[in-house]
Every structure is written in C-alpha cells, then in structure tokens.
Amino acid sequence: MSDTRTAPRPWFSIRKELGQRRRLILTAASFLMPVAVWMLVSYCPFIWHPDVKLQFSADRENVTTVFSAGDHVSKEYFPQFLADVRAENTAVLKGREDGSGESGSRYRRANQKLMRQMAPVAVANGWLTYDQAADDVSIYKVWKGVADGTLKPNGITLSSENLAIVRRNWALMSALSPEFDARKLPEVPLEKLVPQGVPANPVYLPAPHEVIEQGYKDFTKVTDPDKPTMGQRFKQSVYIILAGFFLSCLIGIPLGVMCGTFDFFSKLFEPFVDFFRYMPAPVFSTLLVAVFLAHDAPKIALVFVGTFFQMVLIVANTTRQLDVSLLEAAQTLGAKHFTLIRRVILPGITPNLYNDLRILLGWSWTWLVIAELIGVKSGLTEFIETQGRWRNFESVYPVIILIGITGFTTDQILSAMRRYFFPWTPEASEKKRGPIGRFFHWLLDTSVYDKPLKGKTSR
C-alpha cells in the first residue's frame with residue numbers, strides 16, 4: 001500500500017497559511033511571551049530588582065522623608081536607611097546603660113506611635129485584620145505574643161535583630177502595665193524595629209500576583225453610595241466609546257460613500273477633511289467643554305472628532321476600490337444614480353467597509369483616556385489617574401488590561417461574525433474558522449431550517 005500522507009507544511013512558508021493547530025499555538029505564544037518576561041523580571045531577583053519593597057518601616061529623627069510599609073527604596077539607599085535606624089537604637093541603649101538618656105512624659109506619645117510599627121507585620125501574618133491595624137489595644141497584644149513566642153509568623157518573619165528589640169521593648173512595656181494603657185507607657189524612648197524589605201521591581205512595574213490580587217479587591221470592593229463601582233465605571237467608559245463611534249458612523253459613512261462615488265463631493269469635502277485630520281483631537285477639549293458643558297457630552301464629542309475625519313477618508317477610499325465593471329454593467333442595464341448606490345455600490349463595498357469599521361472601532365478606544373480626562377473626570381480613566389497619582393500601580397494595571405481585553409474580544413467577535421454576515425466572501429470557508437467562529441457557526445447553524453416541517457413530506 002502506498003503512503004498517501006502529505007508532509008506537514010513548513011513553519012516558514014511565503015504567503016502560505018499555517019494549519020489551525022499551529023496558528024493557535026502562535027496566537028497563545030504571542031500573549032504568553034510578554035507575560036513570561038514579566039514573570040521573569042518579577043520573580044527572579046538576580047535579573048533586575050533594582051528596588052527594595054519595605055515590609056515595615058521606621059521614622060528617623062530630624063529626617064522629613066517618611067517611608068511606610070509597601071514603599072520602594074533603591075538598593076543603594078536601603079543600607080544607609082538601616083544604618084540610620086540602628087544608630088538611633090544604639091544611642092537609646094547607651095543612654096539607658098549610663099543614665100544619660102532623656103526621659104519624660106513626652107516619650108509616652110512617641111512610644112505609642114512607635115508601637116504601631118508592628119501593625120503591618122501583624123496584618124501580613126494574619127494576627128490582625130486590616131481594620132484592627134489602628135487599634136492600639138490589639139497591637140499591644142501582638143507585641144506580647146511576639147515577645148513570648150506564642151504568635152508564629154505566616155507572612156513576614158522578623159529577623160533575630162528585630163526579635164531581640166521586641167523582647168527588650170516588651171520588658172519595659174509589660175513592667176508598667178500588662179494591658180494597654182496610654183498613660184502607662186514607658187517614659188524613656190523605646191528602640192525602633194529595623195526596617196525589613198524584599199527585592200522588588202520598580203514601583204511602576206508590580207509583580208503579576210500583586211496585580212491580580214489588587215484587581216480582584218478593586219473590582220469586588222463595596223464603595224460608598226456616592227462613588228461609582230468599577231462595574232459602573234466600565235459601563236460609562238463603554239458608553240462613551242460606542243456613542244462617539246456611532247455618531248461618527250452616522251455621518252462619516254454616508255459622506256465617505258458620496259465622496260468615493262461622486263468626484264463633486266470628493267473635491268468639495270475631502271481637502272478640508274484631509275486638512276482637519278492632522279489636528280490633534282485633544283486640542284479641541286477646552287472648546288468641546290465650553291460647547292457641551294462638563295459631563296459626558298464633550299467626551300463623546302472628542303471620540304467623534306478623533307474618528308470621524310479618518311472614517312470619511314477610509315470609507316471614500318474603500319468605495320473607490322469597487323470594481324468599475326460592476327458599475328458599467330449596471331449602467332448598461334439602465335440603473336440611475338440612486339439605484340447604483342443602493343443596489344451595486346453599498347452591497348459591493350459592505351464586506352470591506354465592515355473591516356474598516358472594525359479597525360476604526362479599535363482606534364476609538366485609543367481616545368478613551370483623553371476623552372474621560374476633559375471636563376469632569378469620570379469612568380475608568382478617573383480611577384487610573386487617581387491611583388497613578390498615588391503610585392498605586394498595582395491598581396492601574398488591571399484597568400489597563402481590562403480595556404485591552406474588551407477591545408480585543410470585541411474585535412475577535414466581529415471578525416468571527418464577518419463570515420456569517422458575508423458568506424459569499426473567501427473568508428467564509430470552513431478551514432479558516434477559529435474557535436470563536438466555530439461557536440457562532442454552531443449558534444447560527446441554519447441546518448435546522450433545512451429539516452422538513454413536522455407533518456410535511458418532501459418531494
């Protein structure tokens with residue numbers, strides 16, 4: 001028997017399509033490769049990690065810069081930071097030993113503040129909830145538990161140096177009162193915990209797990225009644241994009257078809273449209289706010305301005321690419337202007353026009369951030385701008401990824417639907433149908449209509 005199997009097509013073939021499985025593998029790789037690089041630089045300290053992320057921090061005397069848990073400092077500065085805190089602790093211990101140290105009631109308040117240095121450690125280890133992090137009574141109990149060893153670390157492990165500091169401080173604290181009483185805190189300065197940290201990316205590139213965890217918190221958090229939830233922000237952003245794009249289509253498509261069909265309209269409108277499209281849409285933001293006031297209207301108008309002029313030129317060019325022989329044949333049969341547009345031009349350009357609108361819809365998403373910043377800030381962009389200002393980039397990335405996923409998914413669905421809207425085009429062939437396409441093929445399968453009706457017989 002002869003082997004009829006054909007050799008697989010090479011991965012690199014000029015102007016030849018790969019098989020369905022290979023296309024899926026490469027599509028997955030196009031997303032996985034950036035994620036792999038992100039994970040590599042995030043979880044391999046020897047590759048990059050130029051910063052140290054503080055697990056807990058300490059204030060320093062006569063220094064106005066204050067760091068707290070979660071802040072980043074450079075690797076070069078971190079040793080100096082530790083040395084400054086250790087020098088202060090050394091001075092405190094020396095003052096106790098030789099009796100030269102200061103004392104007084106003013107240190108009770110300072111020691112109460114220092115005691116709260118344990119709060120981030122307690123929250124990270126699950127000893128306290130986030131709401132208890134400001135409760136001095138609960139924090140006082142944590143000091144006791146760490147000092148006597150009854151509390152075991154589950155997140156942040158204190159160094160031997162810090163454990164010794166905890167025990168010395170607790171000996172002074174418990175000698176005056178076993179339970180928290182602000183009036184019975186020591187009147188001599190306590191030692192500060194020496195800051196601890198872990199290698200980290202710069203603050204603008206949080207690790208993937210931090211992005212996932214914070215994104216889940218942000219999208220499930222219950223907000224105040226007067227503040228929008230993330231779901232409401234998302235809906236508002238989508239509304240602005242779709243409303244602006246719909247208005248652009250409503251005017252731009254008819255004008256583009258007329259410019260591509262009649263040279264009269266082309267010479268009348270296209271020179272100005274071509275001139276206007278080089279003007280950056282954001283420069284009109286102040287004018288749009290003045291005309292449409294400060295809510296959603298100027299934002300929708302900016303999306304319109306950002307897509308309308310390109311739409312007119314692209315639709316006009318698509319209309320001109322229609323096969324002239326089709327127009328000549330229709331004119332030979334006696335078709336007039338309106339009939340040509342309705343029965344020949346529009347059906348002829350619709351498949352390519354569909355692709356143009358897909359691209360332009362993706363283009364409109366690029367105007368979202370700028371649009372939502374004009375007038376009253378709103379939607380997803382307000383959240384991005386606020387969190388970015390406070391350098392909470394682990395909250396910024398989930399929103400950026402959400403916008404990308406929304407745009408990409410919308411485009412893939414529209415691309416898959418094209419073969420069902422225009423089954424006569426080459427793209428409608430079965431071999432080019434991907435996972436999304438196969439879903440819609442199942443959803444819109446017309447085979448049910450081919451079955452004979454109940455009680456009827458076919459001839």
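Which Phe residues do ring pairs link into a cluster? A few notes on that and on some other side chains, bearing in mind that this is a predicted model.

1. To take the cluster straight away: its members are Phe272, Phe275, Phe276, Phe284, Phe304, Phe308 and Phe309, joined to one another through ring pairs.

2. If you go hunting for ring pairs across the whole structure, you'll find 19 aromatic pairs. Take tyrosine 77 and phenylalanine 81: the ring centres sit 6.1 Å apart with the planes at 15 degrees, and since planes under 30 degrees apart count as stacked, this pair is stacked. Phenylalanine 81 is buried, at 0% relative accessible area, whereas tyrosine 77 is partly exposed at 28%.

3. Another one to look at is phenylalanine 265 with phenylalanine 269. Their ring centres are 6.3 Å apart and the planes lie at 0 degrees, so this pair is stacked too. Both residues belong to helix α9 (residues 263-276), and they are 4 residues apart there, so about one helical turn separates them. As for accessibility, phenylalanine 265 comes out partly exposed at 25%, and phenylalanine 269 is also partly exposed, at 31%.

4. Away from the rings, have a look at arginine 358, which is part of helix α13 (residues 337-365). Is this arginine buried or exposed? Its relative accessible area is 19%, and the cut-off for buried is under 20%, so arginine 358 counts as buried. Setting aside neighbours within four places in sequence, arginine 358 is in contact with Asp411, Leu414 and Ser415.

Notes. Residues numbered from 1 in each chain as written. Predicted model: local features only at pLDDT ≥ 70, side-chain atom pairs only at ≥ 80, totals over all residues. Heavy atoms only, no water. Phe/Tyr/Trp six-rings, centres within 6.5 Å; stacked < 30°, edge-to-face > 60°. Buried < 20%, exposed > 50% of the residue type's maximum accessible area, 1.4 Å probe, protein only. Helix = DSSP H or I, 4+ residues; strand = E, 2+ residues; numbered from the N terminus. Contact = heavy atoms within 4.5 Å.
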